[in-house]
Amino acid sequence: MLVEDSLVVRELLRHIVGRDPRLEVVAAVASGEEALAALPNVRPDVISMDIRLPGIDGLETTRRIMAERPTPIVVIADSVEDSSLRISMNALRAGALSVVEKPVATTNAGYDAVSAEICTQLRIMAEVPVIRRRPIGSEWAGRRASNVSASSLAAPQPPSDAASVLAIAASTGGPPALARVIGGLPDGFPLPVLVVQHMGAAFMEGFASWLNGVVSLPVKLAADGERAEPGHVYVAPGDRHLEWAPGGNLRLSDAAPVGGQRPAATVMFSSVARHAGARGVGALLTGMGEDGATGLLDMRRAGAQTVAEHESTAVVFGMPAAAIRLSAATAILPLDRVAPHLVRLALPGLAAADTYI
């Protein structure tokens with residue numbers, strides 16, 4: 001089902017989807033109200049959701065669909081408007097699975113690539129099982145690890161063998177998972193945090209800005225050569241690999257994609273293994289495919305502590321499952337236990353045996 005208020009864009013989407021033999025348009029509506037009314041009758045496998053709609057917007061429509069009749073939703077967003085990006089990120093938090101760029105005229109140079117990405121995302125997400133979601137607001141904003149106060153981190157300089165960097169990666173279902181995990185790290189968290197999130201390059205600045213608004217730690221896009229500071233979060237920019245370099249500096253790279261991904265979680269994790277060794281901490285969250293699994297294994301072999309999200313909470317279990325198959329994870333945890341575990345690892349002298357099977 002296509003939900004798009006612009007007749008021109010709606011017909012363009014109908015044309016794009018109609019050309020793909022894997023897909024069939026069962027409904028094309030112009031508002032959230034129409035989508036909710038049609039849903040029980042057409043029972044689509046996947047929904048293409050515009051964000052800016054008359055009446056109830058795409059965010060509220062997503063919330064109601066996920067609360068009443070859960071259906072995989074792909075957000076189709078205008079990548080150049082900050083407010084649209086922010087709403088799109090909140091739609092992911094409300095239960096949508098991915099966000100892709102809105103198509104433009106067929107004469108545009110990027111039309112074919114955007115069209116292919118829309119169809120691929122719709123086809124893939126149609127297979128993702130989704131669950132009923134209660135309407136949510138800002139439940140993760142400002143959340144802290146329950147067992148450690150921020151003041152407890154205002155401690156003397158940790159010993160030289162303490163953890164020095166935390167690297168986290170995610171793909172499908174990642175934005176809300178990252179908001180929950182990073183939102184659970186307290187003020188004064190003693191490690192710099194590196195993040196790889198698979199998402200279209202045009203959305204990465206908006207994603208970093210959104211994440212900065214829903215967690216307490218400062219979040220920004222990583223810059224090549226900058227020194228990573230404790231308690232700061234650095235997100236890999238679109239289409240650039242992010243690496244941990246000697247001396248605690250960040251390195252961005254245009255090297256070839258790894259496993260079809262740039263940025264690649266494996267590139268980030270492997271760099272942490274090389275330059276931080278046993279002082280690295282890695283976490284691999286929800287995502288489709290296998291990116292990050294071999295990099296997380298590199299970290300474990302280097303003596304680092306590594307976490308994979310448990311199947312019970314992962315929106316898509318592909319990436320963490322691949323890491324678990326390789327025995328790359330020292331802990332396998334449901335999402336709500338990841339942040340407290342990471343805080344314990346960041347604090348010198350505390351045990352980290354919190355494996356969940």
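**Exercise 1. Find which helix holds Thr266, and work out whether Thr266 is buried or exposed.**

Step 1: Thr266 sits in helix 8 (residues 265-276). Helices here are DSSP runs of H or I with at least four residues, strands are runs of E with at least two, and both are numbered from the N terminus.

Step 2: a quick word on the ground rules. This is a predicted model, where local features need pLDDT of at least 70 and side-chain atom pairs count only at pLDDT 80 or more, while totals for chains, interfaces and linings use all residues. Residues are numbered from 1 along each chain as its sequence is written, and side-chain values use heavy atoms, with hydrogens and water left out.

Step 3: Thr266 has a relative accessible area of 12%, so Thr266 is buried. The cut-offs are under 20% for buried, over 50% for exposed and partly exposed in between, using a 1.4 Å probe and protein chains only.

**Exercise 2. List what Thr266 touches beyond its neighbours within four places in sequence.**

Step 1: contact means heavy atoms within 4.5 Å.

Step 2: with those neighbours set aside, Thr266 contacts Val258, Asp291, Gly292, Ala293, Thr294 and Gly295.

Step 3: check one pair by backbone. Thr266 and Gly295 are 29 residues apart along the chain, but 4.1 Å separates their C-alpha atoms.

**Exercise 3. Asp291 came up as a contact of Thr266; place Asp291 among the residues that UniProt lists under "active site".**

Step 1: the unreviewed UniProt entry gives Ser171, His198 and Asp291. UniProt positions follow the numbering used here, feature names are shortened, and annotations may be inferred rather than shown by experiment.

Step 2: these residues span 121 residues in sequence, yet no two of their C-alpha atoms are more than 9.7 Å apart, so they gather at one spot.

Step 3: Asp291 is in the loop between strand 12 (280-284) and helix 9 (293-301). Ser171 belongs to the loop between strand 6 (165-170) and helix 6 (174-183).

Step 4: Asp291 counts as buried at 9% relative accessibility, and Ser171 counts as buried at 9%.

Step 5: the side chains of Asp291 and His198 are joined by a polar contact of 2.7 Å. That term means a pair of N or O atoms within 3.5 Å; within protein, one must be able to donate a hydrogen and the other to accept it, and residues adjacent in sequence count only if both atoms are side-chain atoms. Ser171 is in contact with His198 too, and Met319 is another of its partners. Met319 is also among the residues that Asp291 touches.

**Exercise 4. Trace the strands from strand 12 onwards.**

Step 1: strand 12 and strand 13 pair in parallel over four bridges, and Leu284 stands opposite Ala308. Pairing requires at least two DSSP bridges between the strands.

Step 2: strand 13 and strand 14 (residues 331-333) run parallel too, joined by three bridges, with Leu333 as the bridge partner of Glu309.

Step 3: going from strand 13 through helix 10 (residues 318-325) to strand 14, the β-α-β crossover is right-handed. With the strands pointing away from the viewer, that label means the path from the first strand over the helix to the second runs clockwise.

Step 4: how covered is strand 13 (residues 305-309)? Four of its five residues are buried.
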